[in-house]
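Trainee: Could we walk through this one together? I'd like to ask as we go.

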Amino acid sequence: MEEIAAFSSADADKALKDCERMIQKSLKSPIVKFLREHLEKAGCPVQDNFFKAIKCDKFHAGGYIPGEGIVVCGNRTEMQDDVNQAITHELIHAFDDCRAANLDWTDCAHHACSEIRAGHLSGDCHFKRELLRGFINIRGHEQECIKRRVLTSLSSNPFCSGSTAKDYMESVWDVCYNDTAPFDRAP
Ligand SMILES: [Zn+2]
């Protein structure tokens, strides 16, 4: 769940085409298939055209737009792995949206919870990925990484800026970090 602004540019065509191709490949990956199966079981099936490549002007890799679909930022995803991870992250948001009828994205606690789960369950913060980003604090790195990224996402939510975001994140951390549905445990 991020704020996305899309705009077109001739230069972006190739990146978008590459991204579209990687999206199609990603739909065949076991984790994406698993999440789509569980979305269907929960009553919210998503078709292949739910996923789109766009150009983004923010630093996010993708976004989930409730009721519309998942976008992957062609200008922010270079490798297949980036696209798989972005789609997995956004599918966790779609799953949360589906299973909780009263989920309110403007509610800082709700949004924080879904970001914690998406960060944890998508592998956003696996060690190798953090190393590539230049963060090499090994002890506790995974949770620190998730927290950092949750706060980045929350910063685009006008209802939970600054220190409010951190307080909400900490208040729901344990419950949401340990909620690994639809997985038995974090993949
Ligand atoms: Zn997110």
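Trainee: In which sense do β1 and β3 pair?
Mentor: This is a predicted model, so keep that in mind as we go. Strand β1 covers residues 51-54 and strand β3 covers residues 69-73. Four bridges hold the two strands together, and I54 has C73 as its partner in β3. The sense of the β1 and β3 pairing is parallel.

Trainee: And β2, how does that strand run relative to β3?
Mentor: Strand β2, residues 62-65, is joined to β3 by four bridges. One bridge to look at is G63, whose partner in β3 is V71. The β2 and β3 strands run antiparallel.

Trainee: Which residue takes a positive phi in the hairpin of β2 and β3?
Mentor: The hairpin leaves three residues between the strands, so that's the place to look. Most residues other than glycine have a negative phi. Here the positive phi, near 80 degrees, belongs to G67.

Trainee: How many of the residues of β3 are buried?
Mentor: Take the strand one face at a time, since in a regular strand the side chains alternate between the two faces of the sheet. On one side G69, V71 and C73 are buried, and on the other I70 and V72 are buried too. With both faces covered, the count for β3 is five of five.

Trainee: Let's go to the metal. Which residues are the protein donors of the zinc ion?
Mentor: The donor atoms lie 2.1 to 2.7 Å from the zinc ion. Two of them are NE2 atoms of histidines, and E115 is listed with OE twice. Along the chain the donors follow the spacing H-x3-H-x21-E. The residues are H89, H93 and E115.

Trainee: Where in the chain do H89 and E115 sit, and how many residues apart?
Mentor: H89 is in helix α3, residues 80-99, while E115 is in helix α4, residues 108-121. That pair links distant parts of the chain. The separation is 26 residues.

Trainee: Are H89 and E115 buried or exposed?
Mentor: The cut-off for buried is under 20% relative accessible area. H89 comes in at 7%, and E115 at 2%. Both values fall under the cut-off, so H89 and E115 are buried.

Trainee: What is the geometry at the zinc ion?
Mentor: Ideal angles for four tetrahedral donors are 109.5 degrees. The angles among the four donor atoms here go from 52 to 151 degrees. Tetrahedral would need all angles between 85 and 135 degrees, so the site of the zinc ion is irregular.

Trainee: On to the charged pairs. How many residues apart are D18 and R21, which meet in a salt bridge?
Mentor: Their side chains come to 2.5 Å, N to O. D18 counts as partly exposed at 23% relative accessibility, whereas R21 counts as exposed at 55%. Both lie in helix α1, residues 13-26, about one turn of the helix from each other. In sequence they are three residues apart.

Trainee: Which parts does the salt bridge of K147 with E170 tie together?
Mentor: The closest N and O atoms of K147 and E170 are 3.5 Å apart. K147 is partly exposed at 22% relative accessibility, and E170 is partly exposed at 35%. The two residues are 23 apart in sequence, and the helices tied together are α6 and α7.

Trainee: What about E170 and K166, how are they placed in α7?
Mentor: Their side chains also meet in a salt bridge, at 4.0 Å, N to O. K166 is partly exposed, at 41% relative accessibility. Since E170 and K166 are four residues apart in helix α7, their separation is about one helical turn.

Trainee: Which peptide bond is cis?
Mentor: Most peptide bonds are trans. Look in the segment after α7, where P182 is placed. With omega near 5 degrees, the cis bond runs from A181 to P182.

Trainee: Last one: where is confidence lowest among the helices and where highest?
Mentor: The chain averages a pLDDT of 88, with 86% of the residues at 70 or above. Be careful with residues 2-7, where pLDDT is below 50, although that stretch has 26 contacts beyond near neighbours in sequence. The low is helix α5, at a mean of 65, and the high, at 97, is helix α2.

Terms used. Residues numbered from 1 in each chain as written. Heavy atoms only, no water. pLDDT = per-residue confidence, 0-100. Contact = heavy atoms within 4.5 Å. Donors = N, O, S within 2.8 Å, 3.2 Å for Na, K, Ca; no water. Tetrahedral: all angles 85-135°; square planar, octahedral: opposite > 155°, others 65-115°. Buried < 20%, exposed > 50% of the residue type's maximum accessible area, 1.4 Å probe, protein only. Pairing = 2+ DSSP bridges.
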